[in-house]
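Visitor: I've got the viewer open and a few things I'd like to go through. Could you walk me round?

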Amino acid sequence: WRPTCECNTCYIGSDCSVLLSNCSADVDSGDPLFLEPYWMQHAAKGAVVLSGWHRMSYSTTDHFKSLELENHIRLLHAAVGNAITDGKYLVFGTGSTQLINALVYALSPENTSSPASVVATVPYYPMYKEQTELFNGRDYEWEGATAKWRNSNKTNFVEFVTSPNNPDCLLCDSVLGGSSVIYDHAYYWPHFTAIPEPADGDAMIFTVSKLSGHAGSRFGWAFIKDENVYNKVSNYLQYNSMGASRDTQSRIFNYVKVILAEIGSNADIFEFGFNKLRKRWQRLQALVNSSSRFSLQQLSPQYCTYFKKIRDPSPAYAWLKCENEEDADCAEVLMKGGIISRGGTKFGSSTQYTRLSLLKTDDNFEMLLQKFKPLVASSDENT
Ligand code: PMP
């Protein structure tokens with residue numbers, strides 16, 4: 001029994017089982033709260049206590065970086081098999097969000113009459129465009145979709161490759177030959193995708209937000225092959241924020257240590273995350289496939305070197321398409337049905353598409369299914 005006042009805002013009743021009909025299913029953001037129950041189940045291991053006199057200084061073991069954390073991040077990648085880190089420099093950022101522009105800046109030529117063209121393949125994560133336009137640097141400019149440049153003679157690109165991609169969760173590679181590539185591997189962990197081989201890009205971004213779920217800690221990292229690029233990124237971080245929070249580094253060190261120690265055990269976070277997201281995907285897919293009004297991105301089972309077997313898809317997002325002409329604005333169709341999603345135009349795509357986050361709480365996902373059911377049923381009545 002739980003008192004009514006502790007119910008999720010959308011539920012009432014003595015056991016919180018009555019869903020308020022005017023409550024929307026908010027599946028807009030990629031808030032990774034699907035991992036909250038994991039840390040509740042491992043409450044003692046996840047707890048971090050910092051004394052008042054700890055981490056007061058600007059300095060850490062390696063200037064602004066905890067070397068212990070650096071070593072554990074490298075060990076984690078080796079254990080998961082998702083990245084080759086030998087011979088690459090490591091930088092820490094205030095979320096991987098900070099590293100996006102740091103790398104654009106570092107990979108662009110200085111004092112040139114032809115600035116670098118920053119591009120990504122549609123549908124792309126909106127932050128690349130938003131940040132590039134916001135910072136409006138002299139040495140780079142947002143030039144939109146790679147499709148526009150495929151047959152041009154233009155060079156000097158900085159290409160974002162998000163693999164698996166946000167929003168459609170497909171594994172991707174660079175499409176413009178000869179460009180500098182920033183690989184965003186935020187979702188290249190076994191919760192979200194098969195790991196066919198370790199990633200080995202010259203500039204690779206990762207984030208704890210999607211690894212452990214601690215998005216609020218604001219911590220990301222990047223591996224960088226080239227020393228000059230690394231020096232430029234380090235300068236950027238020094239002048240921009242003087243490095244990632246030392247408190248955060250302490251907290252993240254603990255989580256990486258727990259995650260590493262539990263690999264292969266029955267408290268393996270990747271197993272937990274994979275099982276949860278696979279089930280969510282299967283349930284949503286069954287519902288979507290029950291009518292012809294909507295469709296989802298096509299994902300197939302694939303061999304995973306981490307689980308050492310062929311595994312089902314377990315994507316972070318559903319990239320939903322409205323198939324009917326009268327449903328021209330898919331996000332709007334869902335909104336009318338009480339589902340808040342992220343419309344396709346944000347990703348450089350069309351209003352026919354919208355993104356549903358599968359990363360939030362169980363309550364949130366159940367609400368999504370509840371609100372989705374009538375949308376599917378009403379389409380059957382029309383056909
Ligand atoms: N890259 C991608 C592809 C993302 O989806 C996100 C978060 N939604 C980020 C980067 C940023 O993550 P953070 O700043 O929380 O590390």
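Visitor: Which residues of H8 does H3 meet?
Guide: Bear in mind that this is a predicted model. From the H3 side, the contact uses Glu68, Leu69, His72, Ile73, Leu75, Leu76 and Ala79. By class, the contact of H3 with H8 has 10 nonpolar, 2 polar and 2 charged residues. On the H8 side, the partners are Gln249, Ile252, Phe253, Val256, Lys257, Ile259 and Leu260.

Visitor: And are H3 and H8 roughly parallel or roughly antiparallel?
Guide: The axes of H3 (residues 67–80) and H8 (residues 246–262) are 10 Å apart and pack at an angle of about 30°. Angles under 35 degrees count as roughly parallel. That makes the pair H3 and H8 roughly parallel.

Visitor: Is the crossing of H3 and H8 left-handed or right-handed?
Guide: This is the pair whose axes pack at about 30°. As H3 passes H8, the crossing is left-handed.

Visitor: Now H4: what distance separates its end C-alpha atoms?
Guide: H4 covers residues 95–107, which is 13 residues. At 1.5 Å a residue, H4 should span 18 Å. The figure from the model agrees with that: 19 Å.

Visitor: How many of the residues of H4 are buried?
Guide: Buried here takes 20 or more other C-beta atoms within 10 Å. Residues of H4 that pass include Leu99, Ile100, Asn101 and Val104. H4 is largely enclosed by the rest of the structure, because the number buried is 11 of the 13.

Visitor: How do H4 and H7 sit, oblique or roughly parallel?
Guide: H7 runs over residues 227–241, and its axis is 9 Å from that of H4, at an angle of about 130°. H4 passes H7 in a right-handed crossing. With that angle, H4 and H7 are therefore oblique.

Visitor: What classes do the residues of the contact of H4 with H7 divide into?
Guide: H4 brings Gln98, Ala102, Leu103, Tyr105, Ala106 and Leu107 to the contact. From H7 come Val229, Lys232, Val233, Tyr236, Leu237, Asn240 and Ser241. Sorted by class, the residues of that contact are 9 nonpolar, 3 polar and 1 charged.

Visitor: Met242 lies in the loop between H7 and H8. Is Met242 buried or exposed?
Guide: The backbone there has a quirk: Met242 has a positive phi of about 55° although it is not a glycine. For exposure, the cut-off is 12 or fewer C-beta neighbours. Met242 has 11 inside 10 Å, so Met242 counts as exposed.

Visitor: Asn156 has a positive phi too, near 70°. How does Asn156 count for exposure?
Guide: Asn156 lies in the loop between S6 (140–145) and S7. Counts between the limits of 12 and 20 fall in the middle class. With 16 C-beta neighbours inside 10 Å, Asn156 counts as partly exposed.

Visitor: Which residue comes before Pro123 at its cis peptide bond?
Guide: Pro123 is in the loop between S5 (116–120) and H5 (127–135). Omega is near -5° for this cis bond, and the residue before Pro123 is Val122.

Visitor: What is omega for the cis bond into Pro164?
Guide: Pro164 has its place in the loop between S7 (157–162) and S8 (180–184). The cis bond runs from Ser163 to Pro164, with omega near -5°.

Note on methods:
Residues numbered from 1 in each chain as written. Predicted model: local features only at pLDDT ≥ 70, side-chain atom pairs only at ≥ 80, totals over all residues. Axes fitted to C-alpha atoms, helices over the stretch in contact; angles between N-to-C directions. Helix = DSSP H or I, 4+ residues; strand = E, 2+ residues; numbered from the N terminus. Parallel < 35°, antiparallel > 145°, perpendicular 65-115°, else oblique. Left-handed = near helix turned anticlockwise from the far one by under 90°. Contact = placed C-beta atoms within 7 Å. Nonpolar A, V, L, I, M, F, W, Y, C, P; charged D, E, K, R; others polar. Expected span 1.5 Å × (residues − 1).
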